[in-house]
Amino acid sequence: MAKILLEMRNITKTFPGVKALDNVNFQVEEGEIHALVGENGAGKSTLMNVLSGIYPYGTYEGDIVYNGNVCKFNTIKDSEKLGIVIIHQELALVPEMTIGENMYLGNERGHKFAIDWNKTYSEADKYLKMVGLSESSKTLVKDIGTGKQQLVEIAKALAKQAKLLILDEPTSSLNEEDSRALLDLMLSFKKQGMTMIIISHKLNEVSYVADTITVVRDGATIETIDNSGQEPVSEERIIKGMVGREMTNRFPKRENVPIGDKMLEVTDWTVHHPLYPERKVVDGVSMYVRKGEVVGIYGLMGAGRTELAMSIFGQTYGTNISGSMKIDGKPVKIRKGADDAIRHKIAYVTEDRKGNGLVLSQSIKVNTSLAHLDAISSHTVIDGDKEYAVAEEYRDKLKIKTPTVEQLVGNLSGGNQQKVLLAKWMFAEPDIMLLDEPTRGIDVGAKYEIYCIINDLAAAGKCVVMISSELPEVLGMSDRIYIMNEGKFVGEMKAEDATQENIMALILKSGRGE
Amino acid sequence: MTMSENVKKAPGFRENLTEFMQKYKVGSFFQKYTMLIALVVVTIVFACWKGKEGLILMPPNITGLIAENAYVFVLATGMLLCILTGGNIDLSVGSVVCFSGAVGCTLMASGTNVWIAVLIMLAIGLCIGTFQGFWIAKLKVPAFIATLAGMYAFRGFTNVVMNGLRVDITNETFLNIFGSGKGSYIPDIIRNTNEGINSWFTKDNATLLKLIGENYITKFNVTCMLIGLIAVAAFILLKTRKILVQKRLGISQSIPGQIVSMVLISAVMLWFFFKLACYRGLPMVLIWIGLILGIYQYVTTKTAMGRHLYAVGGNEKATALSGVKTRNVYWFAYANIGLLAGLAGILTTARGKGIDPTYGEGYEMDAIAACFIGGASAYGGTGKVSGMIIGALLMGVINKGMIIIGVDANFQKVVKGIVLLLAVMFDVLSKRQKR
């Protein structure tokens, strides 16, 4: 039996109103690759942030025992000193700096008052060789691809004398070839005695590389599976642990809503990345939505769902968009800009309500009317009374909890903010509503109310596209489901045929390129 | 654990104070009216200064305060719209003031019609603003850089136009309408035409003598006072209507609080017009300032463009996704400040009775300071015309007060700097509390 390198005992971490981690126990043996799997929001990243000191000692309950000692990390520097290094999902490199400068950023080589550049670059080259990257350390980071950038991140971690390396979704932005190379690199590190934790959605990769798999669900560790045997653990076995939650009456029924003609139809829709135009973010997608229908689009993060919706919504994302679109049976060409999409009666309710959706420094009233000011003004002069009446109407309709519609949106809870966002787009009177993660980060009660609003919209004959990475929600709310992975639609199912297992299996199958 | 429980059981003085502050919203009152309170305090301090008691409140000083700061009000109005879009500023306005003034003065000196010259000055400002706005909005050059370039270039153009020499204006019409000399006041039509009323204002009329004081009674401007009374009546009428509408719609605003503020504002307005009437009457510049402030108060609060300015500054991405052409909003803000810089050029040259190549230097900074002191956020999205007015007045009172009590001219800028720093610090701190 190998030595236990890391043990996290009874970790509980509470955010205002939410228990993100509930009494989690987690053990990592020396020299193994340990995988942490679970749905989005299950608590994997929170657990790793506790471990690396991003959430300092005292903000959580429980103990971290590393190498036999109880550790109290106050900053990320404290954990790095002991060799615990985390590589985040989003690459944290400065594009305008060289590889060498990036690797020693905040950890500069040389004296107090002068950086020793010769030492920096020679040491950097040494670590680059270890990760199998043939670039010179004087190359600018912006000049190398994402696969190589991921390797630079690993070299940077090695330069910090890492003993326990944590990789959070290391392959999420890599193609098949680069991913495989990275996993093999991990296996070679293991041979040299390095301990690693990998967080990943791609279960095929997990079963390929990991010795042990811990499943996290709803802020608790569910089970730990041994994967060191001859036969790798089957993906179905892991999925069962990930999704095995009971489904009670969390979704209101939608009854007798007649489904009409096709309202929105896109064919062969392809969108390229705005910064790397050679990359296809959405690849040849064809879909349709009928009046009164709720269509779910399920996929993991980074599958291209948001990009698809935003490119339909007045090309507000992406470049080189191709494909054809029909609204109500007539071919349309929407010009660039949200205004033209709104004119075509499309609404896009963003997943990022604080970043892209609401003006937090303004009132509920101002936010409600923002996308449709014409309706309450004449000759561009706003009728204040009418605006107030509209805001009041939607406050009642959506049950927004606030003393007055003059309240600043920044002071509302997440659920109420989401309702204001919905109010804004309902007031814009669209026929087609693209809802992107409409229940992200809000509590169960508010979720139920949002589901009721979605049902009302469908009953009013609107067509609703609901993008979500919560499988139960997609299953519970949709009439029809499209499954998306890596920019492509990999399946379409009627709600009654869909189960969590067969959707997951579709995604995993397509991920392996079969 | 037990410690904190004990504290909960026996609330100390601190808890009581906090509770009191929350109940009567003391914190938010101070937060909302800090600069107004500062203005009142500063005025009182200067008014009570030993040896100079009440000097700052003398009618000539009140009129002077308005006339000297006319350019600040006009430029700060334009600057406020730029700052709203996200803390962007326009550094070129000082140079644009001087350039448009230089062209206008040169034209008038060579005999061009006054009104044509005035229109050309406004057009120059608008063109420059539109041009800079194009760089900022369409080519996405940072506003700071684009207007810094304009600041150098138009100062240079001024020197080219004027050959580095002063140009004088002799045209009486121009000076009377836009200037602040003896002729630039609304004449007392009532006393000039009505002998009956005119005869009241002698030192023999005991009631009026007591009311107005013997220094001013013979010159008291009845027309100005009447305009003041009409303005106050209109204000009360509009405010009452607003309160009634709010009551009907059930907007929960404190009605007694609003009535108190209405009475106070009316009183200040009456006092202000009384002071003006005691000196020479209603100055023409005040009419221009009032017109500009009124128009932009309306634009920022009632129109779609005003709403877009706030929304872009609050969250540009969300605004763009709501179908607003955000680039046009930037363009509007910069074209607009150019136009107002043209107007400020007219007021400045009329006040100076001509143009010097150095006119307008530092004006941009005065305008920026007035906005930030008046509560505009350095990050954009918040700020009001009314706040900006208070900011401009505060700077003006401090300037004037320091001159009256004889502070060293070199030190005056130090004080201005400190006031600006404190005001912005307050803005940042009050934002941090909310998070």
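## Domains

In this predicted model, the C-alpha centres of domain 1 and domain 2 of chain B lie 30 Å apart. Domain 1 of chain B is built from two segments, 64–182 and 284–435. Domain 2 of chain B covers 185–282.

Chain A is divided into three domains. Domain 1 of chain A runs over 4–243. Domain 2 of chain A joins 259–345 with 430–514, and domain 3 of chain A spans 354–429. Between domain 1 of chain A and domain 3 of chain A, the C-alpha centres are 42 Å apart.

## The open sheet of chain A

Four strands of chain A form an open sheet in the order β12-β11-β14-β15. Their pairing is antiparallel. β12 (280–290) and β15 (330–332) of chain A stand at the edges. Each has a single partner strand, so one side of each is left without a neighbour in the sheet. On average, neighbouring strands of this sheet are turned by 10 degrees against each other, direction ignored.

β11 of chain A takes in residues 262–272. Seven bridges tie β11(A) to β12(A) in the antiparallel sense. One pairing can be named: Leu264(A) has Val289(A), in β12(A), as its bridge partner. Helix α9 of chain A, residues 305–312, packs on the sheet. Helix α9(A) touches β11, β12 and β14 (319–327) of chain A. The direction of α9(A) makes about 65 degrees with that of β12(A).

## A covered strand in chain A

Strand β16 of chain A, residues 346–349, is covered on both faces. Ile346(A) and Tyr348(A) lie on one side, and both are buried. Ala347(A) and Val349(A) lie on the other, and they are buried too.

β16(A) pairs with strand β19 (residues 432–436) of chain A. The sense is parallel, over four bridges. Within β19(A), Met433(A) is the bridge partner of Ala347(A). Ala347(A) is thus named twice here: as a buried residue of β16(A) and as a bridge partner of Met433(A).

## Contact between the chains

Chain B brings 23 residues into contact with 28 residues of chain A. On the chain B side, three elements give two or more residues: α13 (222–249), α16 (304–314) and α17 (316–321) of chain B. The largest share comes from α16(B), with six residues.

What is the make-up of the side of chain B that touches chain A, in nonpolar, polar and charged residues? Ten are nonpolar, nine are polar and four are charged.

Methods: Residues numbered from 1 in each chain as written. Chains lettered and ligands numbered in written order. Predicted model: local features only at pLDDT ≥ 70, side-chain atom pairs only at ≥ 80, totals over all residues. Domains from an automatic or database assignment. Pairing = 2+ DSSP bridges. Axes fitted to C-alpha atoms, helices over the stretch in contact; angles between N-to-C directions. Contact = placed C-beta atoms within 7 Å. Nonpolar A, V, L, I, M, F, W, Y, C, P; charged D, E, K, R; others polar. Buried ≥ 20, exposed ≤ 12 C-beta atoms within 10 Å, placed from the backbone.
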